[in-house]
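User: Please take me through the fold of this model, beginning with its sheet and then turning to the ligand and the helix contacts.

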Amino acid sequence: MMAGNVGALGHIPVLLEEVLEGLKIREGGIYLDGTLGEGGHADQILSRYEETHVVGLDRDAEALELARRKLATYGKRVELVHGSFADIEDLMEASDFELVDGMLLDLGVSSMQLDDPDRGFSFMADGPLDMRMDREGELTAEDVINGYSVDDLRMIFYRYGEEKQANRIAAAIVEERAKGRITTTSRLSEIVKGVLRRGKPGSINPATRTFQALRIEVNRELEALEKVLLPGVMRLTEGGRIAVISFHSLEDRIVKRKFKKLEAPCTCPPDFPICVCDEKPMGRIVTKKPITPGDDEVSVNPRSRSAKLRIFERGSIWAQ
Ligand SMILES: C[S@@+](CC[C@H](N)C(=O)[O-])C[C@H]1O[C@@H](n2cnc3c(N)ncnc32)[C@H](O)[C@@H]1O
């Protein structure tokens with residue numbers, strides 16, 4: 001589901017206390033915030049632990065600029081990097097740090113991105129069909145909507161939006177674009193609403209799933225998540241932890257599956273008396289079940305309602 005909107009409040013860090021506690025932040029430690037956004041989590045790490053360092057990464061240059069201003073008081077304790085966490089290996093090579101004591105991935109879009117109609121993420125306000133987190137990226141939502149085949153559109157709405165009416169929505173888009181290029185969020189939203197009758201009062205906006213699917217496709221969000229977890233864990237010091245907050249089941253499933261594989265990578269048949277594949281565990285899953293926000297947090301920050309936090313701890317770095 002799309003993240004909710006907290007408007008003038010700006011972006012409120014989700015599951016803040018749970019993240020800080022889960023990462024076992026310690027004085028003098030170095031932490032990588034792989035989704036710096038508006039710097040909410042990073043600011044709390046830096047202000048509560050006065051000898052920590054944070055490497056803040058974001059693929060959105062505008063978010064980095066906001067965070068740079070917000071975190072300026074911490075001086076050299078902060079290093080900002082522009083790029084995708086999918087490229088963590090190369091980005092860490094270029095940074096001053098080889099290993100970090102903890103890592104945070106707070107997935108999805110920030111309130112700043114959602115609330116700016118010009119970014120085209122939201123069906124709540126009219127704007128260009130853009131949806132790129134990194135404005136240097138080549139593919140926009142407009143390209144997808146006007147250029148993908150009906151089958152590809154159906155596939156992304158079904159797979160990334162879990163939209164049962166993917167067929168009908170894809171067909172309606174193809175019919176409409178034959179009359180003229182679809183360039184705005186409001187036009188797309190109208191097309192989707194024309195296919196799906198409004199649900200019961202209080203249910204989500206009918207365009208929610210289509211917009212989520214498009215955003216995931218434009219930013220290759222699931223591929224980035226698939227790519228980061230193994231190298232991310234390998235870049236942790238012994239006992240270091242990675243915390244991932246996801247906002248929909250597709251992401252959560254990837255994190256859950258990858259963490260399991262990192263904890264128990266052995267591929268030997270169960271009836272083998274000893275392991276011959278030589279795949280060694282990378283550490284242990286800290287959260288057997290995901291941590292979710294309480295009612296108090298959801299009432300203050302509706303965006304947090306679908307958040308799930310999973311944490312993995314790196315074992316001995318000599319075992320692999
Ligand atoms: C939910 S916000 C993070 C908010 C932040 N934790 C805070 O408290 O202010 C997610 C941020 O991650 C960034 N992001 C999403 N996917 C990314 C990726 N693959 N690499 C780097 N940044 C990414 C987005 O641009 C956005 O700024």
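Analyst: Two residues are in contact if their C-beta atoms, placed from the backbone, lie within 7 Å. Axes are lines fitted to C-alpha atoms, for helices over the stretch in contact, and angles run from 0 to 180 degrees between N-to-C directions. Helices (H or I, at least four residues) and strands (E, at least two) are DSSP runs, numbered from the N terminus. The model is predicted: local features need pLDDT of at least 70, side-chain atom pairs count only at pLDDT 80 or more, and totals for chains, interfaces and linings use all residues. Residues are numbered from 1 along each chain as its sequence is written.

User: What is the order of the strands in the open sheet?

Analyst: Two strands pair if DSSP finds at least two bridges between them. The pairing in this open sheet of seven strands is mixed. At its edges, β3 (78-82) and β6 (283-285) each pair on one side only. The order is β3-β2-β1-β4-β5-β7-β6.

User: Which residue in β3 stands opposite Val-54?

Analyst: Strand β2 (residues 53-58) runs parallel to β3, and five bridges join them. The residue in β3 opposite Val-54 is Val-78.

User: At about what angle does helix α12 run to β7?

Analyst: Helix α12 comprises residues 249-263. This helix lies across β5, β6 and β7. Its angle to β7 is about 20°.

User: Which residues come nearest to the ligand?

Analyst: A residue counts as near if its C-beta atom, placed from the backbone, lies within 6 Å of the molecule. There are 23 residues around the ligand. Those that come nearest are Pro-13, Thr-35, Gly-37, Gly-40 and Asp-60.

User: Why is α7 described as oblique to α8?

Analyst: Angles under 35 degrees count as roughly parallel, over 145 as roughly antiparallel, 65 to 115 as roughly perpendicular and the rest as oblique. The axes of α7 (residues 150-161) and α8 (residues 166-177) come within 8 Å and cross at roughly 140°. That crossing makes α7, relative to α8, oblique.

User: Are α11 and α12 roughly parallel or roughly antiparallel to each other?

Analyst: The axes of α11 and α12 come within 10 Å and cross at roughly 25°. In their contact, Leu-222, Leu-225, Glu-226, Leu-229 and Val-233 of α11 meet Leu-250, Glu-251, Ile-254, Lys-258 and Leu-262 of α12. The two helices, α11 and α12, are therefore roughly parallel.
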